[in-house]
Amino acid sequence: MFERVDFQGNTLVWDYQIKSVNDFKGYYHWHQCGEILYVHEGQGIVVLNNHTYPIRKGMLFFFQPFQLHHVYAEVPDTPYERNIFYVEPIVMDRYLEAFPHRRAFFSRLWKGRNQQQVFDLSLSMNQLDWIYEGYDQSRSRVGGEWEESVLFLLQLLNVLDQHTDGEQERQPHLVELRQLRHAERMMHWIEEHYIDEIRLDHMADVIHLSKSYASRIFQQETGSSITDYVTARRLKQAYLLLETTTLSVEEVGRRAGFPNGSYFIQLFRKSAGTTPLQYRQHFERSSRH
């Protein structure tokens with residue numbers, strides 16, 4: 001579901017040393033800004049770009065604006081400790097004008113179509129911990145929040161840039177060569193058919209699984225149901241259409257996979273806290289400023 005991050009005038013929204021020891025199932029969601037997740041401890045999976053990646057110590061994930069993702073940590077088996085911060089890429093891009101190489105790398109991170117977004121930084125954790133701790137201690141300085149934030153991001157980009165030097169040629173997506181998980185095969189099928197009526201028995205038949213097993217294995221491999229995933233994917237398309245077209249609300253719902261207009265408005269209001277029309281009007285006002 002859509003989760004708007006309120007910056008309240010800050011350069012970054014900062015969550016440091018978050019630790020979960022109770023149930024942490026997560027759900028499919030996205031933000032209007034970039035999100036950087038750095039894992040300090042834990043195990044589980046992250047679903048991104050219709051693929052699953054492991055949660056483990058030293059992993060860093062960059063989620064692009066409006067990019068659907070799901071974080072599913074296996075808690076309480078293992079405590080889940082992480083650092084998260086959010087950044088408005090367009091704002092930060094202006095701050096990086098004096099650093100053309102880092103600015104170009106950051107630009108690829110937040111809007112590149114095939115850009116690496118998952119990093120195994122387990123061998124650089126001491127350096128990363130020093131960078132994160134230093135920023136956490138310095139960000140409260142009066143009048144210096146934006147400067148400290150830019151310095152922090154430059155240091156982090158430097159680590160990521162060094163890590164990707166030649167890495168994409170050796171490991172294009174930092175994923176071991178393997179067969180796709182069943183859930184990944186289903187997500188790829190859904191990506192091609194989410195606008196149409198989704199029949200679980202038909203999808204299961206196409207990928208040669210039983211209906212009950214397909215439902216069960218998707219839940220096991222992603223931590224979420226097929227229904228929740230399809231709904232989140234359709235809503236994401238609805239947000240995009242509301243922002244980029246002048247189609248009627250009913251037509252937006254239909255093209256996103258919701259043929260029932262009232263049901264679409266109900267789901268959208270639950271996700272965004274406002275109606276589709278109000279969301280479009282708010283977006284248009286915001287984009288003019």
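Two strands count as paired if DSSP finds at least two bridges between them, and I kept that cut-off in mind while going through this predicted model.

**Entry 1, the five-stranded sheet.** I looked up strand 2 and strand 5 (residues 59–63) and found four bridges joining them in the antiparallel sense, so the pair meets the cut-off of at least two bridges. Within this pairing I noted Glu35, whose bridge partner in strand 5 is Phe63. Both strands belong to an open, antiparallel sheet of five strands, ordered 1-7-2-5-8, in which strand 1 and strand 8 (118–120) are the edge strands, each pairing on one side only. Direction ignored, neighbouring strands here are turned by 15° against each other on average. I then checked what lies on the sheet: helix 3 (residues 125–138) packs on it, touching strand 1, strand 2, strand 5 and strand 7 (80–87), and the direction of helix 3 makes about 120° with that of strand 2.

**Entry 2, the three-stranded sheet.** A second open sheet has three strands in the order 4-3-6, again with antiparallel pairing. Strand 4 (51–55) and strand 6 (69–73) stand at its edges, and because each has a single partner strand, one side of each is left without a neighbour in the sheet. The average turn between neighbouring strands of this sheet, direction ignored, is 20°. I followed strand 3 (residues 44–48) along strand 6 and found five bridges in the antiparallel sense, with Val46 standing opposite Val71 of strand 6.

**Entry 3, His29.** Is His29 buried or exposed? This residue is found in the loop between strand 1 (12–20) and strand 2 (34–41), and its relative accessibility is 10%, so it counts as buried. Leaving aside neighbours within four places in sequence, I listed Met1, Glu3, Glu35, Gln67, Leu68 and His69 as the contacts of His29. I also noted that the C-alpha atoms of His29 and Arg233 are separated by 9.1 Å, although the two residues are 204 residues apart along the chain.

**Entry 4, helix 2 against helix 4.** I looked up how helix 2 (residues 100–111) and helix 4 (residues 145–164) pack, and found an angle of about 75° with the axes 10 Å apart, which means that helix 2 is roughly perpendicular to helix 4. On the helix 2 side the contact uses His101, Arg102, Phe105, Phe106 and Leu109, which meet Leu153, Leu154, Leu157, Asn158, Leu160, Asp161 and Thr164 of helix 4. By class, the residues of this contact divide into seven nonpolar, three polar and two charged.

**Entry 5, helix 6.** For the twelve residues of helix 6 (residues 182–193), a rise of 1.5 Å a residue gives an expected span of 16 Å, and the end C-alpha atoms are 17 Å apart, which agrees. I found Ala183, Glu184, Met186, Met187, Trp189 and Ile190 buried in this helix, and their cover includes strand 3, strand 4, helix 7, helix 8 and helix 9 (226–244).

**Entry 6, positive phi.** Most residues other than glycine have a negative phi, so I looked for exceptions. Asn49 has a phi near 55° and is found in the loop between strand 3 and strand 4, where it is partly exposed, with a relative accessible area of 39%. His208 has a phi near 60° and is found in the loop between helix 7 (200–206) and helix 8 (211–222); with a relative accessible area of 69%, His208 is exposed.

How values were computed:
Residues numbered from 1 in each chain as written. Predicted model: local features only at pLDDT ≥ 70, side-chain atom pairs only at ≥ 80, totals over all residues. Heavy atoms only, no water. Axes fitted to C-alpha atoms, helices over the stretch in contact; angles between N-to-C directions. Parallel < 35°, antiparallel > 145°, perpendicular 65-115°, else oblique. Contact = heavy atoms within 4.5 Å. Nonpolar A, V, L, I, M, F, W, Y, C, P; charged D, E, K, R; others polar. Buried < 20%, exposed > 50% of the residue type's maximum accessible area, 1.4 Å probe, protein only. Expected span 1.5 Å × (residues − 1).
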